[in-house]
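Please look through the sequence and the model below before reading on. The report that follows takes up cysteines, charged pairs, the overall fold, the nonpolar core and the pocket.

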Amino acid sequence: MKKYTLILASLALCSSLHASEAEKVNAMVMLNMENGLANIQKGFLYNNLDLIKSGVDLVQKENATYHNRDVLKSILPESKKQMENLALITSKRIDNAADEMKSYLALKQMKKAHSAFSDMVNACTDCHTLVRGW
């Protein structure tokens, strides 16, 4: 419960930030998500289940920032603000892939867990494509 209160407080803070402050928050969230993804990748490479799990937890924690429409509006470029629904859906896809990974890790089905990791990275790439216009 304490974790969710903290997340809600950070979301409320993000929604009230000015654009440059929102960009800074977004940069930190992205950096932390990148670290989580790197830990997952390293965990698979070095057969370190704890590293994978901690990476998934970090990605989920940071991704929760993007579950708030006001936060999404504050970080999307002016020409992309109408795409907040797509960004929200993509954020949910990341969560679903993370939950799937956790399930497969618990069952020691590493190949399926890695496939879920690929789904997570694909969702990240889809959002970056949307926001950056790749």
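A search of the whole structure finds 0 disulfides, where a disulfide is a pair of cysteine sulfur atoms within 2.5 Å. Cys124 is in no such bond, and the nearest cysteine sulfur, that of Cys127, is 8.1 Å away. Cys127 is likewise in no disulfide, its nearest cysteine sulfur being that of Cys124 at 8.1 Å. Cys124 counts as buried at 12% relative accessibility, and Cys127 counts as buried at 18%; here buried means under 20% relative accessible area, exposed means over 50%, and partly exposed lies in between, with a 1.4 Å probe and protein chains only.

A word on the source is needed: this is a predicted model, in which local features need pLDDT of at least 70 and side-chain atom pairs count only at pLDDT 80 or more, while totals for chains, interfaces and linings use all residues. Residues are numbered from 1 along each chain as its sequence is written, and side-chain values use heavy atoms, with hydrogens and water left out.

Charged side chains come next. Side chains of opposite charge can pair when their charged atoms come close. The search of the whole structure finds 5 salt bridges, a salt bridge being a side-chain nitrogen of Lys or Arg within 4 Å of a carboxyl oxygen of Asp or Glu. The table gives some of them.

| Salt bridge | Distance, N to O |
|---|---|
| Glu62 and Lys61 | 3.4 Å |
| Arg69 and Glu84 | 3.1 Å |
| Lys73 and Glu84 | 3.8 Å |

In the pair of Arg69 and Glu84, Arg69 lies in helix H4 and Glu84 in helix H5, so the salt bridge ties together parts that are 15 residues apart in sequence. Lys73 in helix H4 and Glu84 in helix H5 also link distant parts of the chain, being 11 residues apart. Through shared partners, salt bridges join Arg69, Lys73 and Glu84 into one network. Within this network Glu84 is buried, with a relative accessible area of 12%, whereas Arg69 is partly exposed at 37% and Lys73 is partly exposed at 38%. As for the pair of Glu62 and Lys61, Glu62 counts as buried at 8% relative accessibility, while Lys61 is partly exposed, with a relative accessible area of 44%.

How many helices and strands does the protein chain have? There are 6 helices and 0 strands, where helices (H or I, at least four residues) and strands (E, at least two) are DSSP runs, numbered from the N terminus. Of the 134 residues of the protein chain, 35% count as buried. One residue outside the helices is Ala64, which lies in the loop between H3 and H4 and is buried, with a relative accessible area of 10%. Although Ala64 and Lys92 are 28 residues apart in sequence, they are 8.9 Å apart in space, C-alpha to C-alpha.

In soluble globular proteins, nonpolar side chains tend to be buried together. A nonpolar core is defined here as a set of buried Ala, Val, Leu, Ile, Met, Phe, Trp, Tyr and Cys residues joined through side-chain atoms within 4.5 Å. The largest such core has 25 residues, and those with the most contacts inside it are Ile40, Met101 and Met120. H2, helix H3 (49-63), H5 and H6 each supply at least two residues of this core, and H6 provides the largest share, 8 residues.

The report ends with empty space. On a 1 Å grid over the protein atoms alone, a pocket is an open set of points where a 1.4 Å probe fits, with protein on both sides within 12 Å along at least five of seven lines, and lining residues have an atom within 4 Å of a point. The largest pocket has a volume of about 480 Å³, a volume being the space filled by probe spheres set on the points. Of the 22 residues that line this pocket, the closest to its centre are Asn26, Met30, Tyr66, His128 and Arg132. Helix H2 (19-45), helix H4 (69-75), helix H5 (84-106) and helix H6 (110-132) each supply at least two residues of the lining, to which H2 gives the most, with 7 residues. By class, the lining has 14 nonpolar, 5 polar and 3 charged residues; Ala, Val, Leu, Ile, Met, Phe, Trp, Tyr, Cys and Pro count as nonpolar, Asp, Glu, Lys and Arg as charged, and the others, Gly among them, as polar.
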